[in-house]
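Visitor: Before we begin, I would ask that each term be justified by its value. Please show me the structure, and I shall put my questions in turn.

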Amino acid sequence: MKVLIFDTEKEIGDAAGKIFVDLVKAKSNAVIGFATGMTPVPTYNYMAEEYSKGNVSFRDITTFNLDEYCDLPREHKNSFYMFMMDNLFSRIDVKPENINFLDGNAADPEAESKRYAEAIIKAGGIDIQFLGIGRNGHIGFNEPAGAFTDEAFKVRLTDSTIEANSVYFDDVPMPRYAMTMGIGSIMRAGKIVFVATGKAKAQAVKAMIQGEVTPKCPASILQQHKDVTVFLDRDAASLL
Ligand code: PGA
């Protein structure tokens with residue numbers, strides 16, 4: 001893993017964002033795996049700014065998001081679909097038909113998982129997967145577990161994740177389940193760009209980089225990926 005440490009969230013966003021912009025300049029039909037959460041937002045700001053300056057077009061990219069809540073309408077303000085529309089997709093020229101999400105309301109989660117896996121293969125595989133990390137070491141919604149997963153699946157969220165994300169839910173209770181890409185899907189991406197900021201992530205970041213590879217810290221599997229760039233601020237790096 002290549003670990004880079006920055007002073008500010010904006011510097012992380014600019015540096016991580018440049019990787020995506022450079023990819024799309026070199027390969028206009030790139031396939032990008034996107035992530036939600038507050039940490040990726042400065043990266044999305046950089047990408048949207050580069051688009052508005054006319055420096056890059058995202059017209060031909062295909063996107064696959066990591067995860068989506070179950071039992072929440074896609075148009076609800078807290079869905080990850082709406083998060084991506086607000087923070088990135090409505091600000092760039094990606095084609096709506098090239099945007100892919102897991103359907104958290106699918107009646108048959110196993111069939112939905114299969115559909116997503118096939119769509120990723122049909123698109124040619126993910127060139128770069130963007131990742132944040134949960135305080136409990138989750139990536140996507142792969143929560144600490146007894147075994148690493150492969151393809152997408154329906155997951156019961158842990159108390160730690162519910163506590164961290166329920167602050168965003170003011171009108172409906174936070175969903176207890178989500179659909180997430182599995183660890184295998186994430187590991188098959190050609191390159192991984194990872195961001196973490198703040199003291200609350202320091203322990204998880206340490207376990208990810210310096211701990212044993214274990215499904216109890218799902219992010220630790222990234223030690224086995226050949227091309228991971230980790231962007232941290234000083235707080236997130238404080239226990240390394
Ligand atoms: P955050 O979420 O960026 O809002 O902390 C990251 C995650 O839970 O993966």
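Visitor: In which helix does N165 lie?

Guide: This is a predicted model, and in it N165 belongs to helix 5, which covers residues 159-165.

Visitor: Why is N165 called buried?

Guide: The relative accessible area of N165 is 17%. Buried means under 20%, so N165 is classed as buried.

Visitor: What makes the pairing of N165 with Y69 a polar contact?

Guide: The side chains of N165 and Y69 approach to 3.1 Å, and the cut-off for such a pair of N or O atoms is 3.5 Å. Leaving out residues up to four places away in sequence, N165 touches Y69, F141 and M174.

Visitor: How do you know that N142 is buried, and where is N142 found?

Guide: N142 is found in the loop between strand 6 (128-131) and strand 7 (153-156). Its relative accessibility is 3%, and the limit for buried is under 20%; N142 therefore counts as buried. The side chain of N142 also joins that of T149 in a polar contact of 3.0 Å. Beyond four places in sequence, the contacts of N142 include F153, M181, I186 and P218.

Visitor: Why is Y81 called buried?

Guide: Y81, a residue of helix 3 (residues 80-87), has a relative accessible area of 14%. That value meets the requirement of under 20%, so the term buried applies to Y81. Outside the four nearest places in sequence, Y81 touches E68, R74, E75 and F101.

Visitor: What makes D71 exposed, and what is its phi?

Guide: D71 has a relative accessible area of 59%, and exposed means over 50%; D71 is therefore exposed. It lies in the loop between strand 4 (67-69) and helix 3. Its phi is positive, about 60°, although D71 is not a glycine. Most residues other than glycine have a negative phi.

Visitor: What makes E50 and K53 a salt bridge?

Guide: Their side chains meet at 3.6 Å, N to O, and the criterion is within 4 Å. The two partners fall into separate classes: E50 is buried at 9%, whereas K53 is exposed at 57%.

Visitor: How do you know that K95 forms a salt bridge with D60, and why is the pair said to tie parts of the chain together?

Guide: The closest N and O atoms of K95 and D60 are 3.5 Å apart, which satisfies the limit of 4 Å. K95 lies in the loop between helix 3 and strand 5 (99-100), and D60 in the loop between helix 2 (41-52) and strand 3 (62-65), so the pair ties together parts that are 35 residues apart in sequence. K95, at 31%, is partly exposed, and D60, at 29%, is also partly exposed.

Visitor: What makes D227 and K191 a salt bridge?

Guide: The closest N and O atoms of D227 and K191 are 3.1 Å apart, and the limit is 4 Å. This pair links distant parts of the chain, 36 residues apart: D227 is in the loop between helix 7 (202-210) and strand 10 (228-233), and K191 is in strand 9 (residues 191-196).

Visitor: How many salt bridges does the whole structure contain?

Guide: The search finds 14 salt bridges. D150, E151 and R188 are linked in a network of salt bridges.

Key:
Residues numbered from 1 in each chain as written. Predicted model: local features only at pLDDT ≥ 70, side-chain atom pairs only at ≥ 80, totals over all residues. Heavy atoms only, no water. Helix = DSSP H or I, 4+ residues; strand = E, 2+ residues; numbered from the N terminus. Buried < 20%, exposed > 50% of the residue type's maximum accessible area, 1.4 Å probe, protein only. Polar contact = N/O pair within 3.5 Å; in protein donor to acceptor, adjacent residues only side chain to side chain. Contact = heavy atoms within 4.5 Å.
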